[in-house]
Amino acid sequence: MNGIAAMMKNIIQYINLLEIWLLPVRKGIGVRKRILVIRPDQIGDFFIWLPYGRALRSFYPSDKYELVLLGNSVWIDAAKELLLYDRYMTLDDERFLGETDYRKSILNLLTLERFDTVIEARISRYVMFDDCCRLACRARHNVVFRYTGDQAYHWKIALAQWLVDFRFNVIRIAKPYSSELENNEYFLARLTDQTISGDYDIPWPRASAREKPYFVILPEAGKRYKEWPMDKFMVIADKAARLTGWKCIIAGGMEAREKAEEKLGNNPIFENYCGKTSIMQFIALIRGAAFIVGNDTGGIHIAALAGVPSIALVGGGGLERFLPYPEKFSSRLCPPVTVTSPNCREKCNWNCRFSTDTEHPYPCIELISVDRVWERVEEMLAKMTDSAIRNR
């Protein structure tokens with residue numbers, strides 16, 4: 001039954017795609033040109049892109065352009081505080097992909113907006129998501145990342161990718177680098193002929209203030225097969241708390257809350273903030289931390305932008321694309337210390353050939369040893385000063 005339901009869902013999505021593909025181009029309205037930036041991905045992707053998203057404002061000044069962001073509901077409140085756009089439209093990614101009525105309402109809303117230009121800023125485009133939203137706008141000008149061969153994993157997908165780029169006036173920008181940061185930089189340069197010089201200028205919220213320093217553990221990664229085991233995180237947290245005398249805060253979403261409570265019990269060393277913070281409170285919590293240890297997740301990339309030392313546990317799926325950061329960005333960021341398994345040599349995009357069990361960590365993550373991570377924590381603590389923590 002699940003197979004039939006999935007097939008029907010795909011058929012409906014393709015019908016929706018065809019319906020909006022057939023719509024004619026519409027001219028924009030108003031004195032100012034209307035620009036839509038589409039960014040429906042997750043927290044970490046947004047923060048890796050944030051400096052470049054801010055740079056678009058200077059290229060599209062508010063006296064000539066209305067700059068609008070279509071963003072994921074999980075981080076849109078942060079965008080409202082950290083970007084300088086004119087308007088923000090919220091998109092729930094799970095509902096868009098799973099609920100036909102919701103998807104149609106979003107697509108109809110985009111059609112009525114009459115945008116002049118649409119910019120798909122996500123590097124890994126998705127035909128039934130980003131491209132559907134762009135096509136619904138019926139804009140005269142469109143800018144996207146070029147699809148690559150590895151994204152056409154089925155002939156139907158390859159055909160759909162060709163169709164969405166054939167329709168309307170589309171400028172396709174290549175992805176010459178493996179790193180997400182470098183591709184974002186390249187996209188901005190090709191689109192605007194601009195580069196970011198000097199430090200990234202982010203108007204961060206005030207860091208969380210506490211009497212004593214604290215550190216943060218981030219045990220989530222969006223998918224269970226990407227997550228280092230919670231038991232191992234607890235060993236690191238306990239050792240660091242006893243060595244420093246600092247509190248350990250466990251942070252993340254609702255999914256991690258019960259798991260954290262089960263492991264923490266009544267241990268006074270720990271505080272469980274999972275599912276208890278807004279996105280802006282989460283940023284403040286990260287900014288106030290002495291250091292962070294976590295999976296390759298949004299909080300790690302926030303820490304890097306905010307200048308907070310961090311240690312990231314990375315499997316083959318995100319290796320080189322998200323972490324480690326290229327050396328040339330070290331002067332602008334606080335690059336996370338990347339820890340991998342000695343046996344992890346593949347950039348597999350999470351198409352693991354050693355395991356298909358998505359409910360448990362893949363070997364490249366699970367086999368990272370506690371000792372290996374603890375060595376990096378000790379090295380980080382040896383370089384820290386109290387004044388550096390207080391001055392954030």
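Which residue in E4 is the bridge partner of Ile35? The legends below begin with that pairing, and they describe a predicted model.

**View 1. Strand E4 and the strands that pair with it.** The bridge partner of Ile35 in E4 is Thr117, and this contact belongs to the pairing of strand E1 (residues 33-39) with E4, which runs in the parallel sense over 4 bridges. Thr117 also has a bridge partner in E5, namely His141. The pairing of E4 with strand E5 (residues 141-145) is again in the parallel sense, here over 3 bridges. Between E4 and E5 the chain passes through helix H6 (residues 127-137), and the resulting β-α-β crossover is right-handed.

**View 2. The side chains of strand E4.** In a regular strand the side chains alternate between the two faces of the sheet. Within E4, which covers residues 117-120, Thr117 and Ile119 point one way, while Val118 and Glu120 point the other way. All of these residues are buried.

**View 3. A salt bridge between Asp41 and Arg39.** The closest N and O atoms of Asp41 and Arg39 are 2.8 Å apart, and the two residues form a salt bridge. Are these partners buried or exposed? Asp41 counts as buried because its relative accessibility is 4%, and Arg39 counts as buried because its relative accessibility is 0%.

**View 4. A salt bridge between Arg224 and Glu359.** The side chains of Arg224 and Glu359 meet in a salt bridge, with a distance of 2.6 Å from N to O. This pair links distant parts of the chain, since Arg224 lies in the loop between strand E7 (214-218) and helix H9 (230-244), whereas Glu359 lies in the loop between strand E12 (337-339) and helix H13 (363-366), 135 residues apart. Arg224 counts as partly exposed because its relative accessibility is 39%, and Glu359, with a relative accessible area of 45%, is partly exposed.

**View 5. A salt bridge between Arg376 and Glu375, and a network.** Arg376 forms a salt bridge with Glu375, and the closest N and O atoms of the pair are 3.5 Å apart. Arg376 is partly exposed at 22% relative accessibility, and Glu375 is partly exposed at 42%. Elsewhere, Arg34, Glu66, Arg87 and Glu113 are joined into one network by salt bridges that share partners. The count of salt bridges in the model comes to 22.

**View 6. The surroundings of Pro203.** Pro203 is placed in the loop between helix H8 (180-192) and E7, and it counts as partly exposed because its relative accessibility is 40%. Once its neighbours within four places in sequence are left aside, Pro203 is in contact with Arg54, Glu81 and Leu82. Pro203 and Leu83 are 120 residues apart in sequence, yet their C-alpha atoms are 8.7 Å apart in space.

**View 7. Backbone angles in two loops.** Most residues other than glycine have a negative phi, and most peptide bonds are trans. Arg138, which is not a glycine, nevertheless has a positive phi of about 55°; this residue is found in the loop between H6 and E5, and it counts as buried at 11% relative accessibility. Glu320 likewise has a positive phi, near 75°, and lies in the loop between E11 and E12, where it counts as partly exposed at 37% relative accessibility. Pro324 is found in the loop between strand E11 (310-313) and E12, and a cis peptide bond, with omega about -10°, joins Leu323 and Pro324.

Terms used: Residues are numbered from 1 along each chain as its sequence is written. This is a predicted model: local features need pLDDT of at least 70, side-chain atom pairs count only at pLDDT 80 or more; totals for chains, interfaces and linings use all residues. Side-chain values use heavy atoms; hydrogens and water are left out. Buried means under 20% relative accessible area, exposed over 50%, partly exposed in between (1.4 Å probe, protein chains only). Two strands pair if DSSP finds at least two bridges between them. A crossover is right-handed if, with the strands pointing away from the viewer, the path from the first strand over the helix to the second runs clockwise. A salt bridge is a side-chain nitrogen of Lys or Arg within 4 Å of a carboxyl oxygen of Asp or Glu. Contact means heavy atoms within 4.5 Å.
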